[in-house]
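Reader: I am new to this structure and would like to know what stands behind the labels. Could you take me through the reasoning?

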Amino acid sequence: MTYMKKLGQGSVPFIIFGTDEAVIIECLMKYNTEQRIKIAETFKQAYGQDLIEELKGELGGDFEDVCVAMLTPPRLLDVKELNKSISGAGTDESTLVEIMCSRSNEEIQEIKELYEKEYECSLEDALMGDTGGYFGRLMRALVQGGRDTDDVDYTRVEEDAQKIFDAGAAQLGTEEAEINSILCVRSFDHLIDVFAKYEELSEGTSLEDAIKSETSSDLQDGFLSIIQCARNKQKYFAMRLNKAMKGFGTDDSDLIRLIVSRSEIDLGDIKDEFQQLYEKPLEEAVESECGGDYKRMLLALVQGNH
């Protein structure tokens, strides 16, 4: 792609960018996700070429990755991130937890359909082939996408709080399966009431503190992520963003996924939570951790409104 041209194609202008990265940033930021995806489809119809592959041929590094993510349908981006997390040596459990704990029933169902279409393997089988033990059971429960959507049942709230208490703090060791069955199935509104009731039963100990003392490793991260998403999903994502940028080096894959996937949903609220938690703007954190055209694109997303 060595030239720039604008075509009228239906209601969405179609732009072919040159290799001027500033132009690419400007062009991609003019449109929302739905429009960008339509542009990519129109490009293929008009020129018989894949826009994402063309960009990969012209760009590189983190800037390429963020551009590709912006041109990828949201659930397909989830699918690719999940597959990347369980491919090759080792498993990226934190990404599995983030996606599987924070997506809605409808989004999980779409992810499952796309995953099987993309990789000719069910997501459940893929997860079970790469995870095990109680963490594997957590993933299997979440991949069902069967979280309740009913109104809060206050009788069940008391029962669930008691079950969690009996499974953990009230006995030596923890019956993770009992906790798993409640955290993975009940609605977030229901769980918030369960957490409050649990704190009454435990005489002031939060469920988060109990889980930290009773469980460990990936299972602990999974349980805590569900609790955090139920309490305040935007705060959870703010914490994930901070984790991607703190310490030595930056987890650019996490940073790109989080900013791109939330940019048209609740990134404004996430920015507010980030400011409150870390007493600095998200933009400042990105500015200090990233560089070049990659930084400029991320900042445009963080600051932009579609």
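**Reasons behind the labels**

Author: Gladly! Let us start with E81, which is buried because its relative accessible area is 8%, and buried means under 20%. Please keep in mind that this is a predicted model.

Reader: What makes K84 and E81 a salt bridge?

Author: Their side chains meet with N and O 3.2 Å apart, and the cut-off is within 4 Å, so the pair qualifies. K84 and E81 are three residues apart in helix α5 (residues 74-86), which means about one helical turn separates them. K84 itself is partly exposed, at 46% relative accessibility.

Reader: How do you know that D254 forms a salt bridge with R240?

Author: The closest N and O atoms of D254 and R240 are 3.6 Å apart, and that falls within 4 Å. D254 sits in helix α15 (residues 252-262) and R240 in helix α14 (residues 217-245), so this pair ties together parts that are 14 residues apart in sequence. Both D254 and R240 are buried. A network of salt bridges links E81, K84, E98, R240, D254 and R257.

Reader: Why is K44 called partly exposed?

Author: K44 has 45% relative accessibility. Exposed would need over 50% and buried under 20%, so a value in between is called partly exposed. Its salt-bridge partner D50, with closest N and O atoms 3.6 Å away, is also partly exposed, at 31%. In the whole structure, the search finds 24 salt bridges.

Reader: How do you know that C67 is not bonded to the closest cysteine sulfur?

Author: The closest cysteine sulfur, in C27, is 11 Å from that of C67, which is too far for a bond, because a disulfide needs sulfur atoms within 2.5 Å. C229 is in no disulfide either, as the nearest cysteine sulfur, in C101, is 6.2 Å away. The whole structure has zero disulfides. C67 is buried at 0% relative accessibility, and C229 is buried at 3%.

Reader: What makes the phi of E203 worth a remark?

Author: Most residues other than glycine have a negative phi. E203 is not a glycine, yet its phi is positive, near 60 degrees. E203 lies in the loop between α12 (188-201) and α13 (207-214), and its relative accessible area of 75% makes it exposed.

Reader: Why is D151 called exposed?

Author: D151 has 73% relative accessibility, and exposed means over 50%, so the label fits. D151 is found in the loop between α9 (133-143) and α10 (154-167). On the surface, D151 gathers with D150, D153, E158, E159 and D189 in a patch of negative charge.

Notes:
Residues numbered from 1 in each chain as written. Predicted model: local features only at pLDDT ≥ 70, side-chain atom pairs only at ≥ 80, totals over all residues. Heavy atoms only, no water. Patch = residues over 30% accessible without salt bridge, like charges linked within 9 Å, V, L, I, M, F, W, Y side chains within 5 Å. Areas by Shrake-Rupley, 256 points an atom, 1.4 Å probe, with all protein chains shown as cover. Lys, Arg positive; Asp, Glu negative; His and termini not counted. Charge placed at Lys NZ, Arg CZ, Asp CG, Glu CD. Helix = DSSP H or I, 4+ residues; strand = E, 2+ residues; numbered from the N terminus. Buried < 20%, exposed > 50% of the residue type's maximum accessible area, 1.4 Å probe, protein only.
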